[in-house]
Amino acid sequence: HMKYLLATVLLAASALVSAQDITVGALTLSQPWVRATPSGAKNGATYLVVTNAGRGGDVLQSASSPVAGVVELHTHLHDNGVMRMRQVPEIVIPAQQKVALQPGGLHIMLIDLKAPLKVGDTVPLTLRFETAGSVQLDVPVKAVTAMPMQEMSNRH
(Lines give C-alpha, C1' and ligand atoms only; values in the text may rest on other atoms or scores of the structure.)
Protein backbone atom coordinates (compact mmCIF):
# COMPACT_ATOMS: atom_id res chain seq x y z
CA HIS A 1 0.00 0.00 0.00
CA MET A 2 2.70 2.43 1.06
CA LYS A 3 4.57 2.27 -2.23
CA TYR A 4 1.42 2.96 -4.23
CA LEU A 5 0.48 5.84 -1.95
CA LEU A 6 3.92 7.40 -2.25
CA ALA A 7 3.81 7.14 -6.05
CA THR A 8 0.44 8.89 -6.07
CA VAL A 9 1.69 11.69 -3.83
CA LEU A 10 4.84 12.16 -5.93
CA LEU A 11 2.78 12.22 -9.11
CA ALA A 12 0.48 14.89 -7.67
CA ALA A 13 3.45 16.95 -6.46
CA SER A 14 5.18 16.92 -9.84
CA ALA A 15 1.94 17.93 -11.54
CA LEU A 16 1.74 20.97 -9.26
CA VAL A 17 5.33 22.04 -9.93
CA SER A 18 4.69 22.41 -13.64
CA ALA A 19 1.29 21.84 -15.11
CA GLN A 20 2.90 22.41 -18.52
CA ASP A 21 5.13 19.36 -18.68
CA ILE A 22 3.59 16.27 -20.21
CA THR A 23 5.47 13.01 -20.40
CA VAL A 24 4.74 10.44 -23.08
CA GLY A 25 7.07 7.45 -23.27
CA ALA A 26 10.64 8.77 -23.04
CA LEU A 27 9.56 12.24 -24.14
CA THR A 28 8.76 15.29 -22.04
CA LEU A 29 6.80 18.07 -23.71
CA SER A 30 7.19 21.44 -22.04
CA GLN A 31 6.43 25.15 -22.54
CA PRO A 32 3.78 24.67 -25.24
CA TRP A 33 2.21 27.88 -26.54
CA VAL A 34 0.27 29.08 -29.55
CA ARG A 35 0.78 32.54 -30.97
CA ALA A 36 -2.36 34.68 -30.76
CA THR A 37 -3.66 35.70 -34.18
CA PRO A 38 -5.14 39.00 -35.35
CA SER A 39 -8.77 38.68 -36.46
CA GLY A 40 -8.96 37.55 -40.05
CA ALA A 41 -5.68 35.64 -39.84
CA LYS A 42 -6.02 32.16 -41.28
CA ASN A 43 -2.85 30.60 -39.88
CA GLY A 44 -1.34 30.24 -36.44
CA ALA A 45 1.88 28.76 -35.09
CA THR A 46 2.50 26.45 -32.13
CA TYR A 47 5.75 26.08 -30.25
CA LEU A 48 7.04 23.71 -27.55
CA VAL A 49 10.15 21.98 -26.28
CA VAL A 50 10.50 18.21 -26.64
CA THR A 51 13.10 16.46 -24.46
CA ASN A 52 13.96 12.83 -25.22
CA ALA A 53 15.33 11.04 -22.15
CA GLY A 54 15.32 7.68 -23.95
CA ARG A 55 18.13 5.63 -25.45
CA GLY A 56 16.46 5.63 -28.86
CA GLY A 57 15.42 8.48 -31.10
CA ASP A 58 11.80 9.31 -31.80
CA VAL A 59 10.03 11.15 -34.58
CA LEU A 60 7.17 13.64 -34.47
CA GLN A 61 5.21 12.41 -37.46
CA SER A 62 2.13 14.61 -37.47
CA ALA A 63 -0.12 16.88 -35.47
CA SER A 64 -3.81 17.72 -35.58
CA SER A 65 -6.21 20.15 -33.92
CA PRO A 66 -9.96 20.74 -34.18
CA VAL A 67 -9.36 24.51 -34.44
CA ALA A 68 -7.60 24.24 -37.82
CA GLY A 69 -8.43 22.68 -41.17
CA VAL A 70 -4.87 21.45 -41.63
CA VAL A 71 -1.93 21.11 -39.24
CA GLU A 72 1.58 20.88 -40.69
CA LEU A 73 5.12 20.56 -39.36
CA HIS A 74 7.27 23.45 -40.57
CA THR A 75 10.77 24.82 -40.36
CA HIS A 76 12.36 28.14 -41.33
CA LEU A 77 15.13 28.06 -43.90
CA HIS A 78 17.43 30.82 -45.09
CA ASP A 79 17.00 31.07 -48.83
CA ASN A 80 19.33 33.71 -50.32
CA GLY A 81 19.00 35.80 -47.18
CA VAL A 82 15.21 35.43 -47.03
CA MET A 83 13.56 33.43 -44.26
CA ARG A 84 11.11 31.01 -45.81
CA MET A 85 8.78 28.54 -44.20
CA ARG A 86 8.96 25.02 -45.50
CA GLN A 87 6.78 22.09 -44.64
CA VAL A 88 8.80 19.14 -43.30
CA PRO A 89 7.57 15.53 -43.37
CA GLU A 90 8.65 14.89 -39.77
CA ILE A 91 10.68 16.29 -36.89
CA VAL A 92 13.36 13.98 -35.50
CA ILE A 93 13.85 13.96 -31.72
CA PRO A 94 17.28 12.32 -31.19
CA ALA A 95 18.02 10.20 -28.11
CA GLN A 96 19.15 12.18 -25.06
CA GLN A 97 18.46 15.47 -26.86
CA LYS A 98 16.18 18.44 -26.54
CA VAL A 99 14.46 19.85 -29.62
CA ALA A 100 12.93 23.31 -29.32
CA LEU A 101 10.10 24.31 -31.62
CA GLN A 102 10.38 28.07 -31.42
CA PRO A 103 9.85 31.27 -33.42
CA GLY A 104 12.30 31.42 -36.32
CA GLY A 105 12.84 27.65 -36.26
CA LEU A 106 10.82 24.46 -36.23
CA HIS A 107 7.15 24.91 -35.40
CA ILE A 108 3.70 23.45 -35.91
CA MET A 109 1.48 25.41 -38.30
CA LEU A 110 -2.26 25.62 -37.73
CA ILE A 111 -3.66 26.33 -41.19
CA ASP A 112 -7.18 27.45 -42.12
CA LEU A 113 -8.19 28.45 -38.59
CA LYS A 114 -11.89 28.23 -37.83
CA ALA A 115 -11.70 31.26 -35.49
CA PRO A 116 -9.05 33.73 -34.28
CA LEU A 117 -6.77 32.46 -31.50
CA LYS A 118 -7.24 34.79 -28.52
CA VAL A 119 -4.91 35.28 -25.57
CA GLY A 120 -6.18 33.23 -22.63
CA ASP A 121 -7.75 30.54 -24.82
CA THR A 122 -6.37 27.03 -25.01
CA VAL A 123 -6.05 25.01 -28.18
CA PRO A 124 -6.38 21.20 -28.11
CA LEU A 125 -3.47 19.72 -30.07
CA THR A 126 -2.73 16.06 -30.73
CA LEU A 127 0.87 15.10 -31.53
CA ARG A 128 1.76 11.72 -33.02
CA PHE A 129 5.18 10.27 -32.30
CA GLU A 130 6.54 7.16 -33.99
CA THR A 131 7.62 5.47 -30.73
CA ALA A 132 5.90 7.34 -27.91
CA GLY A 133 2.51 7.32 -29.66
CA SER A 134 -0.16 10.02 -29.53
CA VAL A 135 -0.51 12.69 -26.88
CA GLN A 136 -3.03 15.49 -26.53
CA LEU A 137 -2.00 18.88 -25.18
CA ASP A 138 -4.13 21.83 -24.18
CA VAL A 139 -1.93 24.61 -25.46
CA PRO A 140 -2.31 28.13 -24.03
CA VAL A 141 -2.62 31.02 -26.47
CA LYS A 142 -0.13 33.82 -25.77
CA ALA A 143 0.48 37.25 -27.21
CA VAL A 144 2.79 37.65 -30.19
CA THR A 145 5.25 39.42 -27.88
CA ALA A 146 5.69 36.16 -25.91
CA MET A 147 9.14 35.64 -27.42
CA PRO A 148 11.92 35.58 -24.79
CA MET A 149 14.53 38.28 -25.32
CA GLN A 150 17.41 35.80 -25.25
CA GLU A 151 16.08 34.23 -28.44
CA MET A 152 16.53 37.55 -30.22
CA SER A 153 20.24 37.57 -29.44
CA ASN A 154 20.67 33.89 -30.38
CA ARG A 155 19.61 34.60 -33.94
CA HIS A 156 23.08 35.31 -35.33
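Two strands pair if DSSP finds at least two bridges between them. On that basis, strand β2 (residues 27-35) and strand β11 (residues 133-142) pair in the parallel sense over 2 bridges, and R35 stands opposite K142 in β11. The structure is a predicted model. The mean pLDDT of the protein chain is 84, with 79% of its residues at 70 or more.

**Confidence**

- Residues 8-18 have a pLDDT below 50, and this stretch makes 0 contacts in the model beyond near neighbours in sequence.
- Residues 149-156 also have a pLDDT below 50, but here the model shows 7 contacts beyond near neighbours in sequence.

**Strands around β2**

- Strand β2 pairs with β1 in the antiparallel sense, over 3 bridges.
- The hairpin formed by β1 and β2 has 2 residues between the strands, and G25 in this hairpin takes a positive phi near 60°.
- Strand β2 also pairs with strand β3 (residues 43-52), in the antiparallel sense and over 6 bridges.
- One of the residue pairs linking β2 to β3 is W33 with its bridge partner Y47.
- The pairing of β2 with β11 is parallel, over 2 bridges.

**Residue T23**

- T23 sits in strand β1, which covers residues 22-24.
- Across the β1 and β2 pairing, T23 stands opposite T28 in β2.
- The relative accessibility of T23 is 57%, and the cut-off for exposed is over 50%, so T23 counts as exposed.
- T23 and V50 are 27 residues apart in sequence, and their C-alpha atoms are 9.6 Å apart in space.

**The aromatic pair**

- The structure holds 1 aromatic pair.
- The pair consists of W33 and Y47, whose ring centres are 4.7 Å apart.
- The ring planes of W33 and Y47 are at 40°, so the pair is tilted.
- W33 lies in strand β2 and Y47 in strand β3, so the pair ties together parts that are 14 residues apart in sequence.
- Both W33 and Y47 are buried.

**Nonpolar cores**

- In soluble globular proteins, nonpolar side chains tend to be buried together.
- The largest nonpolar core in this model has 30 residues.
- Within this core, the residues with the most contacts are L29, I108, L110, L127 and F129.
- Another core, of 5 residues, lies apart from the largest one.
- The residues of this other core include W33, A45, Y47 and M109, so the two residues of the tilted ring pair, W33 and Y47, belong to it.

**Salt bridges**

- Side chains of opposite charge can pair when their charged atoms come close.
- The structure holds 2 salt bridges.
- One salt bridge joins the side chains of D79 and R84, at 2.7 Å from N to O.
- The other joins the side chains of D79 and R86, at 4.0 Å from N to O.
- Salt bridges that share partners join D79, R84 and R86 into one network.
- D79 is partly exposed, with a relative accessible area of 27%.
- R84 is partly exposed at 36% relative accessible area, and R86 is partly exposed at 37%.

How values were computed
Residues are numbered from 1 along each chain as its sequence is written. This is a predicted model: local features need pLDDT of at least 70, side-chain atom pairs count only at pLDDT 80 or more; totals for chains, interfaces and linings use all residues. Side-chain values use heavy atoms; hydrogens and water are left out. A nonpolar core is a set of buried Ala, Val, Leu, Ile, Met, Phe, Trp, Tyr and Cys residues joined through side-chain atoms within 4.5 Å. Buried means under 20% relative accessible area, exposed over 50%, partly exposed in between (1.4 Å probe, protein chains only). Helices (H or I, at least four residues) and strands (E, at least two) are DSSP runs, numbered from the N terminus. pLDDT is the predictor's confidence in each residue, from 0 to 100. Contact means heavy atoms within 4.5 Å. Rings of Phe, Tyr and Trp (its six-membered ring) pair if their centres lie within 6.5 Å; planes under 30 degrees apart count as stacked, over 60 as edge-to-face and the rest as tilted.
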